[in-house]
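Reader: I have a structure open on my screen and would like to understand the terms people use for it. Could you take me through them one at a time?

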Amino acid sequence: MKKYISLSVKCPHCGKSLMDDEELLNGKSSIKLNIQTNSSRGVIYLCSYYECFDYTTEVPLTEKEAVEFTCPHCNKELNTKEECRVCHAPMVSLLLQTGGKVSLCSRTGCSNHYVAFEDLSTELQKFYETFGS
Ligand SMILES: [Zn+2]
Ligand SMILES: [Zn+2]
């Protein structure tokens with residue numbers, strides 16, 4: 001059976017943690033981000049489990065709409081110039097507390113996201129020591 005890993009992320013601009021202890025998803029702290037759609041803006045909470053796509057938000061989301069993500073602390077844009085390989089929307093990039101980064105697609109309903117480590121062996125080791133038990 002596949003084991004889910006809970007990610008702990010921070011803003012690549014200000015370095016503040018994006019984890020929210022009050023809004024739990026699947027029993028874990030969620031990842032809190034601000035979002036802006038064509039019609040409204042607000043807060044979204046993403047499940048911190050890698051490869052889990054659960055989220056809660058009060059912002060009405062249209063399926064297949066590309067959303068702009070910003071940091072709730074410094075308000076800087078988290079969308080990058082990197083394009084999603086699946087749907088060509090901008091990828092959103094967050095830093096992992098353990099080092100490396102996680103990227104996810106900014107389009108609603110697109111499930112493309114991945115974790116990239118700068119130094120795979122040591123980062124993975126740290127990652128499993130921190131989150132694997
Ligand atoms: Zn920030
Ligand atoms: Zn995509």
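Reader: What makes β7 and β8 a hairpin, and which residue in the turn has a positive phi?

Author: Happy to start there, with the reminder that this is a predicted model. Strands β7 (residues 79-83) and β8 pair in the antiparallel sense over 2 bridges, and 6 residues lie between them in the hairpin. Two strands count as paired when there are at least two bridges between them, so β7 and β8 qualify. In the turn, H88 has a positive phi of about 70°. For a point to look at along the strands, find N79, which stands opposite V92 in β8.

Reader: What other hairpin does β8 form, and with how many residues in between?

Author: β8 and β9 form a hairpin with 4 residues between them. Here G99 is the turn residue with a positive phi, of about 105°. The strands run antiparallel, and 5 bridges join β8 to β9 (residues 101-105). Because pairing asks for at least two bridges, the 5 found here meet the requirement. You can check the match on screen: L95 has K101 as its bridge partner in β9, and M91 stands opposite C105.

Reader: How do you know that β1 and β8 pair?

Author: Strand β1 (residues 9-10) and β8 are joined by 2 bridges in the antiparallel sense. The cut-off is at least two, so β1 and β8 are called paired. The bridge partner of V9 in β8 is L96.

Reader: Why is β8 called mostly covered?

Author: Of the 7 residues in β8 (residues 90-96), 5 are buried. A residue earns that word if 20 or more other C-beta atoms lie within 10 Å of its own. For the protein as a whole, buried residues make up 20% of the 133 residues.

Reader: Why is Y49 called partly exposed?

Author: Y49 has 18 other C-beta atoms within 10 Å. Buried needs 20 or more and exposed means 12 or fewer, so with 18 Y49 falls in between and is partly exposed. Y49 is found in the loop between β4 (41-46) and β5 (55-57). Beyond its sequence neighbours up to four places away, Y49 touches Y4, I5, S6, N26 and K28. The C-alpha atoms of Y49 and S29 are separated by 9.5 Å, with the two residues 20 apart along the chain.

Reader: Which residues have the most contacts inside the largest nonpolar core?

Author: They are V9, L18, L33, F69, L78 and V92, in a core of 20 residues. Two or more residues come from each of β3 (28-36), β4, β8 and β9, and β8 gives the most, with 4. As a general background, nonpolar side chains tend to be buried together in soluble globular proteins.

Reader: What does L78 contact, leaving aside its neighbours within four places in sequence?

Author: L78 is in contact with L33, F69, T70, C71, V92, S93 and L94.

Reader: Where is confidence lowest, and where is it highest?

Author: Confidence is lowest in helix α1 (residues 120-131), at a mean of 65, and highest in strand β6 (residues 68-70), at 97. The average pLDDT of the protein is 87, and 86% of the residues score at least 70. Where pLDDT is low, the predicted coordinates should not be read in detail.

Methods. Residues numbered from 1 in each chain as written. Chains lettered and ligands numbered in written order. Predicted model: local features only at pLDDT ≥ 70, side-chain atom pairs only at ≥ 80, totals over all residues. Contact = placed C-beta atoms within 7 Å. pLDDT = per-residue confidence, 0-100. Core = buried A, V, L, I, M, F, W, Y, C linked by C-beta atoms within 7 Å.
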